[in-house]
Amino acid sequence: MRIFKFDTIDSTNKFLKNLKDREEYDLVIAKTQSAGRGRRGNVWLSEEGAGLFSFMLKEDKEISMEEYAKLPIIIGYSILKAIEKILGLKPLFKWTNDIYLNGKKLSGILVEKDGDNFIIGIGININNVEFFELNDFATSLKKETGNDYGIDEIIFKIIEEFKIQYERFLNREWDIILKEINSVNYLFGKRVKVTGIKENLEGIAGDILESGKLEVYIGTEVREFNIGEIHICK
Ligand code: BTN
C-alpha cells in the first residue's frame with residue numbers, strides 16, 4: 001500500500017486508473033479536484049475541507065461479478081461505521097452508494113472496474129460547508145455539528161473499517177452484514193419513484209435483499225430493483 005497526496009488533481013479515481021504497477025490498497029488523497037467525478041457522469045463538487053480519496057482493490061477471481069455488485073453497499077457500510085466509531089454520529093446508508101446524515105447527502109461512492117482492479121472513489125463532506133445549488137440536498141460533518149475534523153484521520157479509519165467489513169464479506173458473513181445494513185437503511189418506508197424501465201412506478205421502499213437489490217412495495221406487489229433505478233419522491 002502506497003499513499004499519494006495532492007493539493008489538487010483532476011480526479012483521484014483517474015490518477016489510480018493511469019497509475020502503472022498498481023498495488024492493493026494504494027491510496028490517493030487530494031485536497032481539491034478540478035474534475036471530480038460522480039456516478040452516472042455527474043460532477044462531484046470537490047471543495048477544500050472535503051475528504052476526497054480513492055483506493056485500489058484487486059479482483060478476487062473466486063468471487064463472481066454478481067457478488068461484487070454488493071461492493072458499494074459494503075463500502076457504504078464501512079463509511080457509516082467509521083463515522084459512528086470515531087465521531088459517535090449515526091448516519092444512514094442510502095442504497096446503493098450514498099451516506100446520509102440528518103436527511104442530506106454526506107458521502108458518495110464511485111466504484112469503477114479497470115482490468116482486474118476495482119478503483120474505489122469516496123467523497124465525504126467533512127469541513128466544507130458551501131454546497132451552492134446543492135445546499136438543500138448535501139451536508140457535511142462540520143455543517144451538522146459545528147466542529148472541524150481531521151480529514152486524514154477519517155480517511156484512514158474508513159479504510160481500516162472497509163478492511164474489516166470486506167474480510168467479513170469474504171468469510172461469507174454477508175447475511176449478518178446485511179442485517180446490520182438494513183437496520184440503517186435510509187430508504188426503508190420512504191415513497192420512491194422507480195425509473196429506467198418502460199413504466200414510471202411509485203412505491204414504498206422495503207429492505208435491501210440478499211442479492212443486493214432493493215424491494216419496493218407497489219400496490220399489492222413486491223418487486224425487486226437494481227442499482228440506479230430509484231429516486232425518493234418529494
Ligand atoms: C456520487 O455520489 O456520485 C459518487 C461521488 C464520488 C466522488 C469521489 S471524490 C474522490 C473520487 N474521485 C472522483 O473523481 N470521484 C470520487
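**Exercise 1. In which strand does glutamate 224 lie?**

Find the strand first, then follow glutamate 224 to its contacts and to a far-off residue.

*Solution.* Keep in mind as you work that this is a predicted model.

- Step 1: Glutamate 224 belongs to strand S11, which covers residues 221-225.
- Step 2: Setting aside residues up to four places away in sequence, glutamate 224 touches Leu209, Lys213, Leu214 and Glu215.
- Step 3: Now pick isoleucine 9, which is 215 residues from glutamate 224 along the chain; their C-alpha atoms are 39 Å apart.

**Exercise 2. Describe the protein as a whole.**

How many helices and strands are there, and how does the radius of gyration compare with that of a compact globule?

*Solution.*

- Step 1: Counting the secondary structure gives six helices and 12 strands.
- Step 2: For 234 residues, a compact globule would have a radius of gyration near 17 Å, and the protein agrees with its 17 Å.
- Step 3: Along the principal axes, the C-alpha atoms fill a box of roughly 55 × 45 × 35 Å.
- Step 4: Of the 234 residues, 50% count as buried.
- Step 5: The accessible surface comes to about 11400 Å², and carbon and sulfur atoms account for 49% of that surface.
- Step 6: Take the contacts between residues at least 6 apart in sequence: 60% of these join residues at least 24 apart.

**Exercise 3. Examine helix H5 and what follows it.**

What span is expected for helix H5, and what span does the model show?

*Solution.*

- Step 1: Helix H5 runs over residues 151-170, which makes 20 residues.
- Step 2: At 1.5 Å a residue, 28 Å is expected; the distance from the first C-alpha to the last is 29 Å, close to that value.
- Step 3: Look for buried positions. Among them are Ile154, Ile155, Ile158, Ile159, Phe162, Tyr166 and Phe169.
- Step 4: To read such a list, recall that an α-helix has 3.6 residues a turn, so residues three or four places apart point the same way.
- Step 5: The buried residues of H5 also include Lys157, Glu161, Gln165 and Arg168.
- Step 6: Just past the end of H5, arginine 172 adopts a positive phi of about 60 degrees.

**Exercise 4. Trace the salt bridges.**

How many salt bridges does the model contain, and which residues does the network around lysine 61 link?

*Solution.*

- Step 1: The count is 23 salt bridges. As a reminder, side chains of opposite charge can pair when their charged atoms come close.
- Step 2: Start with aspartate 152 and lysine 5, whose closest N and O atoms are 2.4 Å apart. Aspartate 152 sits in helix H5 and lysine 5 in strand S1, so this pair ties together parts 147 residues apart in sequence.
- Step 3: Check the accessibility of both partners. Aspartate 152 is partly exposed at 26%, whereas lysine 5 is exposed at 51%.
- Step 4: Move on to glutamate 59 and lysine 61, which form a salt bridge with an N to O distance of 3.5 Å. Glutamate 59 counts as buried, at 16% relative accessibility, while lysine 61 counts as exposed, at 60%.
- Step 5: Lysine 61 also pairs with aspartate 116, at 3.2 Å from N to O. This pair links distant parts of the chain, 55 residues apart: lysine 61 is in the loop between S3 and helix H2, and aspartate 116 is in the loop between strand S6 and S7.
- Step 6: Put the pieces together: Glu59, Lys61, Lys113 and Asp116 are linked in a network of salt bridges.

**Exercise 5. Find the unusual backbone angles.**

Where is the cis peptide bond that involves threonine 96, and is aspartate 21 buried or exposed?

*Solution.*

- Step 1: The cis bond joins tryptophan 95 and threonine 96, with omega at about 5 degrees. Threonine 96 lies in the loop between strands S4 and S5.
- Step 2: Aspartate 21 has a positive phi, near 50 degrees, though the residue is not glycine. Its place is the loop between helix H1 and strand S2, and at 66% relative accessibility aspartate 21 is exposed.
- Step 3: Phenylalanine 132, again not a glycine, has a positive phi of about 50 degrees. Phenylalanine 132 is in the loop between strand S7 and helix H4 and is partly exposed, at 42%.

Notes. Residues are numbered from 1 along each chain as its sequence is written. This is a predicted model: local features need pLDDT of at least 70, side-chain atom pairs count only at pLDDT 80 or more; totals for chains, interfaces and linings use all residues. Side-chain values use heavy atoms; hydrogens and water are left out. Helices (H or I, at least four residues) and strands (E, at least two) are DSSP runs, numbered from the N terminus. Buried means under 20% relative accessible area, exposed over 50%, partly exposed in between (1.4 Å probe, protein chains only). The expected span of a helix is 1.5 Å times one less than its number of residues. The radius of gyration is taken over C-alpha atoms; the globule rule is 2.2 Å times the number of residues to the power 0.38. Contact means heavy atoms within 4.5 Å. Accessible areas come from the Shrake-Rupley method with a 1.4 Å probe; for residues, only the protein chains shown count as cover. A salt bridge is a side-chain nitrogen of Lys or Arg within 4 Å of a carboxyl oxygen of Asp or Glu.
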